[in-house]
Amino acid sequence: RVWSVALRQGGAHPWPTTRGQRCARRPVDAVMGAAAGHLDLAEGGKLSDNANDASALDGCSDGGGASGSDWSGAAAEEDDRGEALRTLALEAVRRSGLALRHLAPEWQADRGVVLEAVRRDGLALHFACHALRSDREVVLEAVRQQPLALQYAAEEFQHDREMLLEELRHDALALQFAPEELRDDREVILELVRQDWQALRYASQRLRADRQILLEAVRQDGLALYFAPDSLRADPGLALEALASNVEAWALLPEALREDRTVVLQAVRRNWRVLQRVSSPELRGDAEIVRAAVAQDWRALRCASEALLEDRSLLLLAVQQSGHALHYASSTLRGDLELAMQAVEQDGRSLKDVAHELRSDRDLVLTAVRSCGRALKYASKRLRADREVVLAAVRADGAALEHAELFSGLRADRELVLAAVATGGMAALRFAAAELQADAEVAAAAAAAGPQSGGAAA
């Protein structure tokens with residue numbers, strides 16, 4: 001192989017057996033293969049530019065003295081060849097730093113080649129000579145590129161503060177392997193926790209009790225409170241920060257804080273889901289706490305006490321966000337026309353949660369079916385036979401024709417059925433009267449609209 005002859009100076013290199021070895025070798029193969037046209041490398045491993053080199057060597061072996069100019073020319077040629085090989089070595093490690101593994105020892109001891117290799121892949125430090133693994137600049141470059149490269153540095157760097165800090169800046173969790181003095185260094189731990197809160201678990205006990213460090217951690221993830229001592233878990237300020245970032249931190253709070261109305265109110269204002277974790281009936285029945293939660297998300301109604309579900313202003317706040325909130329209202333409030341109108345304006349399907357007496361309200365039902373045609377299903381029998389109401393429904397969703405009163409004659413209304421198939425296609429046609437299903441114009445309109453269309457099912 002060309003690269004074996006040139007870079008290992010004739011030494012045979014074992015065929016790489018692992019995928020990693022093959023990948024690292026490819027840049028060397030590629031570079032040396034490309035160089036074959038510029039350097040004529042003899043099969044036997046000797047460097048040979050042309051036949052004159054062999055004759056020059058013959059002359060030397062015969063005892064013939066070569067002129068000074070011949071020797072100086074040969075030396076210059078040898079220098080050029082060495083420089084060319086160094087250029088090839090540099091090109092190889094630029095393509096893959098781990099190609100350093102396959103280079104001759106002289107290149108593994110070449111500072112420029114090794115620096116280039118570790119800049120490309122820090123783990124190439126493993127293949128540098130011992131002297132360069134003791135070179136601060138080389139090791140620092142390797143660690144900056146790949147923190148794990150520190151394991152291949154000389155022993156004196158294993159506990160070097162600058163090296164360790166460089167490694168930790170890239171991987172805060174490497175703190176678990178750091179010496180105790182670094183794990184107890186406040187400045188270092190504060191910087192690492194800002195980078196990754198999980199570094200807190202490897203800090204010394206003293207620094208886990210540092211409020212500022214813990215505050216930085218819980219702002220990223222409230223579960224960092226797990227590593228705090230009991231005295232700091234009971235800190236209301238830390239508790240609020242923890243709950244704001246992760247509501248699961250609720251389980252880490254002491255009972256006294258979980259029963260504290262002020263803490264719960266402030267926590268709910270930051271994150272309504274805290275209310276889902278509250279077990280106290282008094283706190284779930286607190287109007288101010290529940291209102292603060294519902295103002296963020298109507299689903300907080302699920303956590304409210306039965307008494308609060310009778311609060312009209314609270315339900316109005318919820319249905320303005322989603323008509324589905326009406327589902328949680330008391331039976332009394334479901335019969336409130338204003339609340340019902342707000343709900344169906346948000347989502348026509350909310351008509352199913354409206355009190356039965358309101359389902360005969362023509363304006364309410366019209367509003368609902370214009371939003372969702374299939375809400376016609378929940379209208380009173382009288383309104384399901386109302387042509388204007390059914391027409392509004394099928395214009396929103398042709399399949400709503402299914403819910404038109406069967407004996408009202410509306411399914412045989414040509415104009416109404418055409419409106420239905422225009423939005424519902426073939427899905428709407430199957431609910432039309434038999435004579436209209438056989439009508440060529442109606443069937444063509446349904447086919448043109450497609451197999452189905454319209455709104456979602458109620």
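This is a walk through a predicted model, one selection at a time.

**The whole chain**

Start with everything shown as cartoon. The chain has 28 helices and zero strands, so colouring by helix number is a handy choice. Now colour by burial: of the 458 residues, 47% count as buried. For a contact map, keep the pairs with a separation of 6 or more; residues 24 or more positions apart account for 47% of those contacts.

**Stop 1: Val-143**

Select residues 136-145. That is helix α8, and Val-143 sits in it. Is Val-143 buried or exposed? Its relative accessibility is 0%, so Val-143 counts as buried. Then pick the C-alpha atoms of Val-143 and Ala-153: they are 9.2 Å apart in space, with the two positions 10 residues apart in sequence numbering.

**Stop 2: α13 and α15**

Next, select 211-220 (α13) and 236-245 (α15). The two helices pack at about 20°, and their axes are 7 Å apart. Angles under 35 degrees count as roughly parallel, and α13 and α15 are therefore roughly parallel to each other.

Turn on side chains to see who meets whom. From α13 come Arg-211, Leu-214, Leu-215, Val-218, Arg-219 and Gln-220; from α15 come Gly-237, Leu-238, Glu-241, Ala-242 and Ser-245. Sorted by class, this contact has five nonpolar, three polar and three charged residues.

Stay on α15 for a moment. Its buried residues are Leu-238, Ala-239, Leu-240, Glu-241, Ala-242 and Leu-243. Note Glu-241 in that list, which also takes part in the contact with α13. Which helices do the buried residues of α15 pack against? Show α13, α14 (230-233), α16, α17 (261-270) and α18 (274-277). Before leaving, zoom in on the start of α15, where a side-chain oxygen of Asp-235 reaches to within 2.9 Å of the backbone nitrogen of Gly-237.

**Stop 3: Ala-249, in the loop**

Follow the chain out of α15 into the loop that leads to α16 (255-258), and select Ala-249 there. Ala-249 has 0% relative accessibility and so counts as buried, even in a loop. What does Ala-249 touch, leaving aside its neighbours within four places in sequence? Show Gly-222, Leu-223, Ala-242 and Leu-243. Two of these, Ala-242 and Leu-243, are buried residues of α15. For a distance label, use Leu-225: it is 24 residues from Ala-249 in sequence, and the C-alpha atoms are 7.0 Å apart.

**Stop 4: α20, α21 and α23**

Select 287-296 (α20) along with α21. They pack at an angle of about 15° with axes 9 Å apart. That makes α20 roughly parallel to α21, and the crossing is left-handed. In side-chain view, Val-290, Arg-291, Val-294 and Ala-295 of α20 meet Ser-313, Leu-314, Leu-317 and Ala-318 of α21. The residues of this contact divide into six nonpolar, one polar and one charged.

Now hide α20, keep α21 (312-319) and add α23 (337-346). Here too the angle is about 15° and the axes are 9 Å apart; α21 and α23 are therefore roughly parallel to each other. α21 passes α23 in a left-handed crossing. The residues to show on α21 are Arg-312, Leu-315, Leu-316 and Val-319, and on α23 they are Glu-338, Leu-339, Gln-342, Ala-343 and Gln-346. By class that gives five nonpolar, two polar and two charged residues.

**Stop 5: α24 and α25**

Move on to 362-371, which is α24. The buried residues of α24 are Leu-364, Val-365, Leu-366, Ala-368 and Val-369, and they pack against α23 and α25. At the start of α24, look for a side-chain oxygen of Asp-361 within 3.2 Å of the backbone nitrogen of Asp-363.

Finish with 387-396, helix α25, where Val-389, Val-390, Leu-391, Ala-392, Ala-393 and Val-394 are buried. What covers them? The cover includes α24 and α26 (414-429). At the N-terminal end of α25 the cap is Asp-386, with a side-chain oxygen 3.0 Å from the backbone nitrogen of Glu-388.

Key
Residues are numbered from 1 along each chain as its sequence is written. This is a predicted model: local features need pLDDT of at least 70, side-chain atom pairs count only at pLDDT 80 or more; totals for chains, interfaces and linings use all residues. Side-chain values use heavy atoms; hydrogens and water are left out. Axes are lines fitted to C-alpha atoms, for helices over the stretch in contact, and angles run from 0 to 180 degrees between N-to-C directions. Helices (H or I, at least four residues) and strands (E, at least two) are DSSP runs, numbered from the N terminus. Angles under 35 degrees count as roughly parallel, over 145 as roughly antiparallel, 65 to 115 as roughly perpendicular and the rest as oblique. A crossing is left-handed if the near helix is turned anticlockwise from the far one by less than a right angle, and right-handed if clockwise. Contact means heavy atoms within 4.5 Å. Ala, Val, Leu, Ile, Met, Phe, Trp, Tyr, Cys and Pro count as nonpolar, Asp, Glu, Lys and Arg as charged, and the others, Gly among them, as polar. Buried means under 20% relative accessible area, exposed over 50%, partly exposed in between (1.4 Å probe, protein chains only). A polar contact is a pair of N or O atoms within 3.5 Å; within protein, one must be able to donate a hydrogen and the other to accept it, and residues adjacent in sequence count only if both atoms are side-chain atoms.
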